[in-house]
Amino acid sequence: MYNAFFGLNQNPFNMSPDPSFLFRSAQHQEALANLIYGVQSRKGFIVLTGEVGTGKTTLLECLRDFLTAQQITFASMFNSRLTVEQFFELLSYDLDLRCNHHSKTEVLLCLNNMLLERAGLGRTTVLIVDEAHNLEWDVLEEIRLLGNLENRKGKLLQIILAGQQELDSKLERPEFRQLKQRISLRCALRGLDLPDAIAYVNSRISRAGLDHQTILPPELLEEIHFRSQGIPRLINGICDNLLLTAFATEQKVVTLGMLDEVTADMRLEYPEERPFRSHGSMVQAGSGRGQA
Ligand SMILES: Nc1ncnc2c1ncn2[C@@H]1O[C@H](COP(=O)(O)OP(=O)(O)OP(=O)(O)O)[C@@H](O)[C@H]1O
Ligand SMILES: [Mg+2]
């Protein structure tokens, strides 16, 4: 809606996990490198965790692009509220297994043959499970058993489990200790720090067609970082609403008043007091709505 007004050619703050907008912060870069390294070196289990909205699904999309470009076969599951039967059915569809998709025994036999054959040809096969914190114990147990399949050279199936922080706590539970022991690589995402958050916003706006943006001034970006705690999805939500508000009032530069309005509308919670503020002028501003 506001794109033309600001000279943008697309929406910079779209909520979809679009790899073409990937901002390579050090932590995102490292996590993606780990995922790729883990797959290529047949590490077996890799776990990616992080707070809600920090970029896990976006990184998985980047990984899928990489796997597709490398012609590496993969299955990916984005709905983890599955029964064991549904899990095997989806797996066999995704990997195009030629067997009765409703019979777990047949799927397992067929999968084993396929993995052995592919490993023999030096090929890698990957299973990606997003939202893995939602997986039931019995499905996770089946996944663990799939991770046991190996030949002399390494694991036959590379398994990536991505999920919110509950996944980490789940893996700490005694019933998951066997799975925990098998995890060879772990990566975690946090909120962006201030320099990264500023670079993140600028990189999205630049990707949408506007280099050296002046719509969101630096001190406002600092306040956005504070109120969003550096969480990319929240930054996107705030910035999208800010651009819309500025457009509606025909202003080319976003103000602190607009930010107050937007974060109040979003019912955003952030600490009342900042431990440290570098911009004296902003100290009185903002109406923190207390998490404290
Ligand atoms: N490094 C990044 N570069 C560009 N955009 C990002 C990055 N990290 C997150 N985002 C953006 O933030 C939003 C949320 O990202 P994503 O859906 O990947 O988070 P998530 O960790 O999977 O969240 P959830 O825990 O809710 O599943 C998306 O719009 C995505 O494009
Ligand atoms: Mg996600």
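How far is a nitrogen atom of ligand 1 from an N or O atom in the side chain of Arg204? The close-ups below, taken from a predicted model, help you find out.

**View 1. Polar partners of ligand 1.** Start at Arg204: an N or O atom in the side chain of this residue is 2.7 Å from a nitrogen atom of ligand 1. Now look for Arg233, whose side chain has an N or O atom 2.9 Å from an oxygen atom of ligand 1. Gly55 takes part through its backbone instead, with a polar atom there 3.0 Å from an oxygen atom of the ligand. Taken alone, ligand 1 exposes 620 Å², and the protein buries 96% of that area.

**View 2. The shell around ligand 1.** Here you can meet the 22 residues around the ligand; Phe23, Lys56, Thr57, Thr58 and Arg204 come nearest. Sorted by class, the shell holds 10 polar, 8 nonpolar and 4 charged residues. Follow the helices too: H3 (56–69), H9 (194–207) and H11 (232–248) each supply at least two residues of this shell.

**View 3. The largest pocket.** Ligand 1 sits in this pocket, which holds about 440 Å³ of space. Its lining is made of 25 residues, and those nearest the pocket centre are Gly53, Thr54, Gly55, Thr58 and Arg233.

**View 4. What the pocket lining is made of.** Of the lining residues, 11 are polar, 8 are nonpolar and 6 are charged. Which helices each supply at least two residues of the lining? Look for H3, H9 and H11.

Definitions and conventions: Residues are numbered from 1 along each chain as its sequence is written. Chains are lettered from A and ligands numbered from 1 in the order in which they are written. This is a predicted model: local features need pLDDT of at least 70, side-chain atom pairs count only at pLDDT 80 or more; totals for chains, interfaces and linings use all residues. Side-chain values use heavy atoms; hydrogens and water are left out. A residue is near a molecule or strand if one of its heavy atoms lies within 4 Å of it. A polar contact is a pair of N or O atoms within 3.5 Å; within protein, one must be able to donate a hydrogen and the other to accept it, and residues adjacent in sequence count only if both atoms are side-chain atoms. Accessible areas come from the Shrake-Rupley method with a 1.4 Å probe; for residues, only the protein chains shown count as cover. On a 1 Å grid over the protein atoms alone, a cavity is a set of points where a 1.4 Å probe fits but cannot get out, and a pocket is an open set with protein on both sides within 12 Å along at least five of seven lines; lining residues have an atom within 4 Å of a point. A molecule sits in a cavity or pocket if more than half of its atoms lie within 2 Å of its grid points. Helices (H or I, at least four residues) and strands (E, at least two) are DSSP runs, numbered from the N terminus. Ala, Val, Leu, Ile, Met, Phe, Trp, Tyr, Cys and Pro count as nonpolar, Asp, Glu, Lys and Arg as charged, and the others, Gly among them, as polar. Grid points are joined across faces, edges and corners, and a volume is the space filled by probe spheres set on the points.
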